[in-house]
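Here is a short colleague's note to read beside the structure. Keep the 3D view open and find each residue as it comes up.

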Amino acid sequence: MRLTVGLTTIIALSLLGAGTASAEVREARVQCLGSNANFHLYPFYLSLVATSSDDRPGTISIQPRAESMFGPFGYHATINWTNLDTGESGVAAQDGTVGGNMPSFDVHTGWGTVRLTGSVGTAGLSAGNTMQCSGSDLFVP
């Protein structure tokens, strides 16, 4: 009996110390494509990559990524989000430079499935030319 209890304890302890599970990271891409108001930099490609992680519940991180080698030129990105489980929604915006500073930003959406859409406008010689971006859903723990 004593041997069985000792063996069970050793097995349980070894399972507990078997390593740390990494948090699951989920990703959704909101793709933007259109003509650039700065005609010499045509066309304009940008994606807004949204990620959620188990270690940051209720929050998504948005990272703009240029899909073009052209730049530098400014942009204004807007993300519209709707939490399909809670009904909450909001808008987050970020300015940056393609070919330069493209900072990420965090948005608190709460847990659940979040629908993301967006728009991007250019800045520079000819500001404007806002384009709509594709939509995507992302689960936020």
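1. Start with one term. A salt bridge here is a side-chain nitrogen of Lys or Arg within 4 Å of a carboxyl oxygen of Asp or Glu. By this rule the model, which is predicted, has four salt bridges. Side chains of opposite charge can pair when their charged atoms come close.

2. Take Arg26 next. Its salt bridge with Glu24 has its closest N and O atoms 3.5 Å apart. Arg26 also meets Asp54 in a salt bridge, at 2.9 Å from N to O. This second pair links distant parts of the chain. Arg26 sits in strand E1, Asp54 sits in the loop between E2 and E3, and 28 residues separate them.

3. Are these residues buried or exposed? Arg26 has a relative accessible area of 15%. Buried means under 20%, so Arg26 counts as buried. Its two partners are partly exposed: Glu24 has a relative accessible area of 46%, and Asp54 has 37%.

4. Now Arg56 and Asp106. They form a salt bridge, and the closest N and O atoms are 2.6 Å apart. Arg56 belongs to the loop between E2 and E3, while Asp106 belongs to strand E6, so the bridge ties together parts that are 50 residues apart in sequence. Arg56 is partly exposed at 37% relative accessibility. Asp106 is partly exposed too, with a relative accessible area of 45%.

5. Which residues do shared salt-bridge partners join into one network? They are Glu24, Arg26 and Asp54.

6. Step back to the whole chain. There are one helix and eight strands. Along the sequence the pattern is α-β-β-β-β-β-β-β-β. The chain has 141 residues, and 38% of them count as buried. Its accessible surface comes to about 8000 Å². Carbon and sulfur atoms account for 57% of that surface.

7. Look at how the chain meets itself. Consider contacts between residues at least 6 apart in sequence. Of these, 63% join residues at least 24 apart.

8. Next, the core. In soluble globular proteins, nonpolar side chains tend to be buried together. In this model the largest nonpolar core has 25 residues. Leu46, Ile62 and Leu116 have the most contacts inside it. The elements that give two or more residues to this core are strands E1 (25–34), E2 (44–53), E3 (59–66), E4 (73–83), E5 (89–98), E6 (105–108), E7 (112–123) and E8 (128–140). E4 gives the largest share of the core, with five residues.

9. Zoom in on Ile62. What does Ile62 touch, not counting residues up to four places away in sequence? Its contacts are Leu48, Val49, Ala50, Ile79, Pro103, Ser104, Phe105 and Val107.

10. Finish with Ser119. This residue lies in strand E7. Its relative accessibility is 13%. The cut-off for buried is under 20%, so Ser119 counts as buried. Set aside its neighbours within four places in sequence, and Ser119 is in contact with His76, Ala77 and Thr78. Its other contacts on that basis are Thr130, Met131, Gln132 and Cys133.

Definitions and conventions. Residues numbered from 1 in each chain as written. Predicted model: local features only at pLDDT ≥ 70, side-chain atom pairs only at ≥ 80, totals over all residues. Heavy atoms only, no water. Core = buried A, V, L, I, M, F, W, Y, C linked by side-chain atoms within 4.5 Å. Buried < 20%, exposed > 50% of the residue type's maximum accessible area, 1.4 Å probe, protein only. Helix = DSSP H or I, 4+ residues; strand = E, 2+ residues; numbered from the N terminus. Contact = heavy atoms within 4.5 Å. Areas by Shrake-Rupley, 256 points an atom, 1.4 Å probe, with all protein chains shown as cover.
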